[in-house]
Amino acid sequence: MLRYAMKLFLVLLFLGYLLLWLMMPTKLYFEHWLPEIRSKTNSTYFGPQGSTMLIYTFPILFIATMGCIYLHLGKKLGDENIERYQTSKFTTLKQPVLVKGPLGIVSWMELSFLTMFIMLLAWSTTSYLNGMFLHIDQMASKSGLLVWEAKLEMSGLALGLIGNICLAFLFFPVTRGSSILRLIGLTSEACVRYHIWVGHIAMTIFTFHGLCYLIFWARTHQMAEVLKWDKIEVSNVAGEVALLSGFAMWATSLPRIRRKMFELFYYTHHLYILFVVFFVFHVGFAYSCIVLPGFYLFLIDRFLRFLQSQQRVGLVSARILPCQTVELNFSKSPELSYSPTSIVFVNVPGISKLQWHPFTITSNSNMNPDKLSIVVKSEGSWSSELYQKLSSPFSMDHFDVSIEGPYGPASTSFLRHDTLVMLSGGSGITPFISIIRELICKANNGGVKIPQILLICAFKRSIDLTMLELILPVSGTTTDISCLQIQIEAYVTREKAVVEDNNTPLRTIWFKPNASDAPVSAILGPNSWLWLGLIISSSFVIFLLLIGILTRYYIYPIDIGSNVVYGTAARAGFNMLFICLAIAMTSTTAFLWNKKRNSKGMRQIQNMDTPSTTSPAWFNNGDRELESLPHQSLLQATKVHYGERPDLKRILLECNGSSVGVIVSGPRELRQEVASICSSGLADNLHFESISFTW
């Protein structure tokens with residue numbers, strides 16, 4: 001009952017926050033509500049920014065903190081990983097409505113929220129312009145301007161205000177450990193597309209915002225305004241630096257550039273720091289509090305990820321597949337649990353100290369409580385170099401790796417379907433490995449109804465079929481795959497028969513533990529949500545204390561006791577510095593406290609049983625710890641088709657069951673084809689779900 005009450009309260013608070021955005025452009029808000037709030041919140045401790053923080057910043061940070069408590073209670077009660085057996089009320093809204101186009105595959109729910117967001121921008125634009133143009137004739141005559149020139153200047157101002165709405169929502173989707181995203185059942189991986197949409201809209205609006213002012217200054221012979229850095233009012237130079245930084249990020253994020261030169265896109269995107277800093281200098285900290293909440297939560301998440309990335313993790317073994325694929329097995333803290341399709345970000349300093357690559361976790365936290373596995377296929381330069389290092393015939397005693405994560409959904413809803421149809425192309429099979437292992441574990445434990453499974457996987461070459469071996473874990477766990485109703489249809493598209501040279505056995509490399517290595521664990525320990533809520537709340541309180549002391553005993557005496565007005569840029573600089581200090585202090589304290597508690601797990605990895613030093617570094621059959629019965633059951637459930645592609649339409653329409661979950665993982669073309677079939681209306685029992693796989 002407590003959690004239901006908390007959830008209802010948070011929903012009402014969030015609706016009130018959204019209502020605030022609807023009221024912002026209105027005359028009622030600017031002439032009545034805002035002056036009344038400022039008159040009651042203006043103080044010698046926070047100044048004019050106090051009211052802005054109270055209205056825009058505090059509600060979201062409060063929701064994020066209370067959301068952490070809500071999620072912590074759910075984890076304690078065991079609700080976080082409960083499967084949803086009943087058909088969701090929102091199943092229809094989650095089905096695709098747009099399949100092809102610039103937005104990709106879009107569901108009814110996504111289209112509805114996108115439409116509402118566009119309507120909010122349109123409503124705000126109309127309201128701002130109507131208010132600004134109401135007495136534009138008198139304003140133009142007083143300023144000695146033509147009416148269209150005055151309208152151009154006001155249009156530039158309105159576009160700047162509209163762009164801030166986009167900035168307010170820009171950072172929420174890319175906050176990986178966000179309690180707000182978890183509350184609404186989303187993950188940052190699934191929300192990246194929303195960040196892209198909002199980013200494109202924001203940069204389009206800000207581009208026209210800048211053009212309006214440039215044309216206005218050129219027309220009115222005020223080009224000197226381009227170099228203006230006003231101490232009190234808006235700083236134009238800062239806005240131009242922010243806009244140029246945004247242009248660089250925008251240009252390199254275009255699909256053609258991002259896919260061909262991903263590293264250029266990745267490194268250029270770090271200009272977001274420059275963009276945010278100079279945006280604050282441009283508008284002042286008091287006004288930037290409107291867009292502060294999303295960036296504040298992102299900053300906490302980013303600093304925690306930085307702390308986690310400094311720790312080397314224990315790489316126990318690497319299983320080398322002949323299809324230029326490697327499975328990495330890390331030591332994991334038994335307290336760490338994650339859902340199927342979760343991902344981790346991996347860094348190998350021996351290849352690149354700066355590059356972090358996301359990979360889908362293939363292991364199951366219930367089946368393998370002390371191990372975490374990922375699969376890396378040799379495709380790009382980074383993964384190819386990794387495969388070459390690990391497959392080298394020279395022995396390797398140790399391999400340095402760092403990990404961020406894991407990140408993933410709070411729970412999955414696979415059990416609510418009668419039949420699961422999994423469609424993968426190439427490396428897209430990796431998230432299905434974790435799903436199948438989860439279902440194997442549940443089937444062996446009993447007590448739940450497991451749906452029938454049809455796995456349709458397409459590979460280019462027959463040697464890639466060895467990836468099916470990864471469905472069964474390399475461990476001593478007794479798993480009986482025969483209790484799972486699974487059928488595997490494998491298609492080899494570029495070969496018409498099996499190639500005899502593909503009989504190379506799997507190999508396993510065993511690594512020695514290092515004293516500095518630690519098992520993979522949550523950055524804030526098993527009570528991570530509670531710690532995150534504590535960091536959010538305590539860091540904000542510390543920030544308020546610091547800025548309150550500065551304002552009361554330094555800034556306020558200057559403003560009141562002299563004719564000098566304290567500079568907006570200096571005030572903004574102090575605010576940004578105090579935010580960074582508060583977040584760094586609280587996050588580091590929480591991290592070090594949990595690291596000390598995890599020292600026991602670190603000692604356990606040092607005492608792990610490993611092959612003796614006299615053993616070879618890898619064994620031709622050392623990985624074949626698979627029980628013979630599970631392996632035979634896997635072979636019997638697999639049928640291989642050579643020289644053909646799967647007829648997806650026929651396969652999906654022939655599926656039996658009142659509820660058929662269709663899960664797709666693979667190239668965009670495959671996802672679009674399956675989404676088109678599911679949205680065609682030929683079968684009402686098909687429920688489409690796309691997975692963003694990484695390898």
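Is arginine 461 buried, partly exposed or exposed? At 37% relative accessibility, arginine 461 counts as partly exposed, because a residue is called buried under 20% relative accessible area and exposed over 50%. This residue belongs to a predicted model, and the report below goes through that model from the membrane annotation to the sheet, the aromatic rings and the charged side chains.

**Annotated transmembrane regions**

The UniProt record, an unreviewed entry, places the feature "transmembrane region" at residues 54-73, 156-175, 196-218, 271-299, 529-554 and 574-593. Two of these stretches can be described further from the model. Over residues 196-218 the chain is 100% helix and 0% strand, with 33 Å between the C-alpha atoms at the two ends. Residues 574-593 are likewise 100% helix and 0% strand, and here the end C-alpha atoms lie 28 Å apart.

**A sheet of three strands**

Strands of a sheet pair through backbone hydrogen bonds, and the pairing may be either parallel or antiparallel. In this model three strands form an open sheet in the order β6-β5-β8, with antiparallel pairing. The edges of the sheet are β6 (357-360) and β8 (402-407), each of which pairs on one side only. On average, neighbouring strands of the sheet are turned by 25° against each other, when direction is ignored. Strand β5, which covers residues 343-347, is joined to β6 by four bridges, and the two strands run antiparallel. If you want to find this pairing in the structure, you can start from valine 346, whose bridge partner in β6 is histidine 357.

**Aromatic rings**

A pair of aromatic rings is described by the distance of the centres and the angle of the planes. The structure holds 30 aromatic pairs. One of them joins phenylalanine 117 and phenylalanine 169, whose arrangement is edge-to-face, with 6.0 Å from centre to centre and 85° between the planes. This pair links distant parts of the chain, since phenylalanine 117 lies in helix α4 (residues 108-132) and phenylalanine 169 in helix α6 (residues 147-170), 52 residues apart. Both phenylalanine 117 and phenylalanine 169 are buried.

Another pair is formed by tyrosine 296 and phenylalanine 540, with ring centres 6.0 Å apart and planes at 90°, so this pair is edge-to-face. Tyrosine 296 lies in helix α14 (residues 292-309) and phenylalanine 540 in helix α17 (residues 528-561), so the pair ties together parts that are 244 residues apart in sequence. Tyrosine 296 is buried, with a relative accessible area of 1%, and phenylalanine 540 is buried as well, with a relative accessible area of 8%.

Rings can also be gathered into a group: Phe14, Tyr17, Trp21, Tyr56, Phe117, Phe169 and Phe172 form one aromatic cluster.

**Salt bridges**

A search of the whole structure finds 13 salt bridges. The table lists some of them, with the distance between the nitrogen and oxygen atoms.

| Basic residue | Acidic residue | N to O distance |
|---|---|---|
| Arginine 193 | Glutamate 110 | 3.3 Å |
| Arginine 176 | Glutamate 404 | 3.1 Å |
| Arginine 461 | Aspartate 464 | 3.5 Å |

The bridge between glutamate 110 and arginine 193 links distant parts of the chain, with glutamate 110 in helix α4 and arginine 193 in helix α8 (residues 188-219), 83 residues apart. Glutamate 110 counts as buried at 16% relative accessibility, whereas arginine 193 is partly exposed, with a relative accessible area of 22%.

In the bridge between arginine 176 and glutamate 404, the partners are 228 residues apart, arginine 176 being in the loop between α6 and α7 (179-183) and glutamate 404 in strand β8. Arginine 176 is partly exposed, with a relative accessible area of 22%, while glutamate 404 counts as buried at 3% relative accessibility. This bridge is part of a wider arrangement, in which Arg176, Asp301, Arg305 and Glu404 are linked in a network of salt bridges. Arginine 176 also lies over the face of phenylalanine 345, at 3.6 Å from the ring centre.

The residue of the opening question, arginine 461, has aspartate 464 as its salt-bridge partner, and aspartate 464 is buried, with a relative accessible area of 6%.

**An exposed serine**

Serine 381 lies in helix α15 (residues 381-391) and counts as exposed, at 61% relative accessibility. Between serine 381 and isoleucine 351 there are 9.9 Å in space, C-alpha to C-alpha, and the two are 30 residues apart in sequence.

Definitions and conventions. Residues numbered from 1 in each chain as written. Predicted model: local features only at pLDDT ≥ 70, side-chain atom pairs only at ≥ 80, totals over all residues. Heavy atoms only, no water. UniProt positions renumbered as here; feature names shortened; annotations may be inferred. Pairing = 2+ DSSP bridges. Axes fitted to C-alpha atoms, helices over the stretch in contact; angles between N-to-C directions. Phe/Tyr/Trp six-rings, centres within 6.5 Å; stacked < 30°, edge-to-face > 60°. Buried < 20%, exposed > 50% of the residue type's maximum accessible area, 1.4 Å probe, protein only. Lys NZ or Arg CZ within 6 Å of the ring centre and 35° of its normal. Salt bridge = Lys/Arg side-chain N within 4 Å of Asp/Glu carboxyl O.
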